[in-house]
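The exercises below ask you to read helix packing and charged pairs from a structure, and each task is followed by a solution in steps. Keep the sequence and the structure in view while you work.

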Amino acid sequence: MKWYEKQQGTHSDVIISSRIRLARNLKDFVFPNHLSESEAEKTIEIIHNIFSEGQSDDFYFWDMDKVSSIDKVAMMERHLLSPLFVNMPIPNALIHNSDESLSLMINEEDHLRIQAMANGANLGEIFAMASALDDRIEAKVDYAYSQELGYLTACPTNVGTGLRASYMIHVPALEATGQLRIILEAVGKFGITFRGIYGESSEPIGSVFQVSNQVTLGFSEEEIIEKLHSVTMQIVNQELTVRESLLKERRLEFEDSIYRSYGVLSQARILTAKEAMTLLSDVKLGVELGLLQLEASDEFNIFDLMTQIQPANLQKLEKKNLDVVQRDIARANLVRMTLPKIQGG
């Protein structure tokens, strides 16, 4: 089972997932934006050989030159790849474990991007996972490292620990009331930034955002994680407070909006990705507030469905290429088939 198919997780009513990413570069190679094709292939070979040594390891290797465009985008939609990695002009590769909770991009902005993901608020657990993989690689290769600066990276904002920690959060109440804009302005003072659902340069959809640290230099890994967690928990508490306020002051209006969203999802024959994400966001909120009781709710994961309805993953489910209209029809069919019925309805 993939990590995003599970429902459990600390503070999962607001925090969808946790991610740790470590940026690393090999000492004897220039950064990827200056790598020749042969050098890029050599970095892939070096890292691939490290994983080949462990015959019992549950890891999969992907030569991205042999992966279709749809498969690449589907991996990006599942947060295995970055948008930048999908479009890299040099040879690159991906290594990941069976549940996709641990992965390694070779030749993205840096030679190595080690990533660990889990649902809910689990930064400590996945930092340990990423660090163990980092240690395994560093035992076999020399990283580009400065005693004064720390790990050297292509982008100056990653120099130091090379650590980017992030939470994916669902904050529909803060967004609906306009309070999220105030929070966005405030968190920047603490070195925290908000990004869209697929990270830098992507748009937020369905009230889903990524919140992460901006700077890695001058702070330890533990300090970065603690600061991000502290700021995020303040956002979580504000989201929950606003939800309760809306429930108390505008319950009927709130409930009506959620049931309307459920009604469209359960009956629509055509759904765009943006519309479906917005409506699923409403249903997710309704379930968490107890306004909407769904049958077999313990077996239903809305975030998993949010992943499946994205364009490339939808086409993989259908096992064929679809144009925009065909995707909108297939998306509506999938949602109708997957969405549980209302208890007693």
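In this predicted model, Glu-288 has a relative accessible area of 28% and is therefore partly exposed.

**Exercise 1.** Find the residue with which Lys-284 forms a salt bridge, and describe how the two are placed.

*Solution.* Begin with the charged atoms: the closest N and O atoms of Lys-284 and Glu-288 are 2.4 Å apart, and the two residues form a salt bridge. Next, consider the sequence: both residues belong to helix α9 (residues 273-288) and are four residues apart, so about one helical turn separates them. Finally, consider accessibility: Lys-284 counts as buried because its relative accessibility is 8%, under the 20% limit, whereas Glu-288 is partly exposed at 28%.

**Exercise 2.** Determine which parts of the chain are tied together by the salt bridge between Asp-134 and Arg-24.

*Solution.* The side chains of these two residues, Asp-134 and Arg-24, meet at 3.1 Å, N to O. Asp-134 lies in helix α4 and Arg-24 in strand β1 (residues 15-24), so the pair joins parts that are 110 residues apart in sequence. As for accessibility, Asp-134 counts as buried at 4%, and Arg-24 counts as buried at 2%.

**Exercise 3.** Work out how helix α1 is oriented relative to helix α4, and which residues make their contact.

*Solution.* Helix α1 (residues 37-52) and helix α4 (residues 123-138) pack with their axes 10 Å apart, at an angle of about 110°. Because angles of 65 to 115 degrees count as roughly perpendicular, α1 is roughly perpendicular to α4. The contact is made by Ile-47, Ile-50 and Phe-51 of α1 together with Leu-133, Arg-136 and Ile-137 of α4. Sorted by class, this contact of α1 with α4 has five nonpolar, no polar and one charged residues.

**Exercise 4.** Describe the crossing of helices α11 and α12, and then decide what surrounds Arg-327.

*Solution.* The axes of α11 (residues 311-318) and α12 (residues 324-338) come within 10 Å and cross at roughly 75°, which means that α11 is roughly perpendicular to α12. Arg-327, located in helix α12, is among the residues that meet α11. Leaving aside neighbours within four places in sequence, Arg-327 is in contact with Pro-311, Leu-314, Gln-315 and Leu-322. Arg-327 is buried yet has no salt bridge, since the nearest side chain of opposite charge, Asp-328, is 5.9 Å away, and a salt bridge requires a nitrogen-to-oxygen distance within 4 Å.

Methods: Residues are numbered from 1 along each chain as its sequence is written. This is a predicted model: local features need pLDDT of at least 70, side-chain atom pairs count only at pLDDT 80 or more; totals for chains, interfaces and linings use all residues. Side-chain values use heavy atoms; hydrogens and water are left out. Axes are lines fitted to C-alpha atoms, for helices over the stretch in contact, and angles run from 0 to 180 degrees between N-to-C directions. Helices (H or I, at least four residues) and strands (E, at least two) are DSSP runs, numbered from the N terminus. Angles under 35 degrees count as roughly parallel, over 145 as roughly antiparallel, 65 to 115 as roughly perpendicular and the rest as oblique. Contact means heavy atoms within 4.5 Å. Ala, Val, Leu, Ile, Met, Phe, Trp, Tyr, Cys and Pro count as nonpolar, Asp, Glu, Lys and Arg as charged, and the others, Gly among them, as polar. Buried means under 20% relative accessible area, exposed over 50%, partly exposed in between (1.4 Å probe, protein chains only). Lys and Arg count as positive and Asp and Glu as negative; His and the chain ends are not counted.
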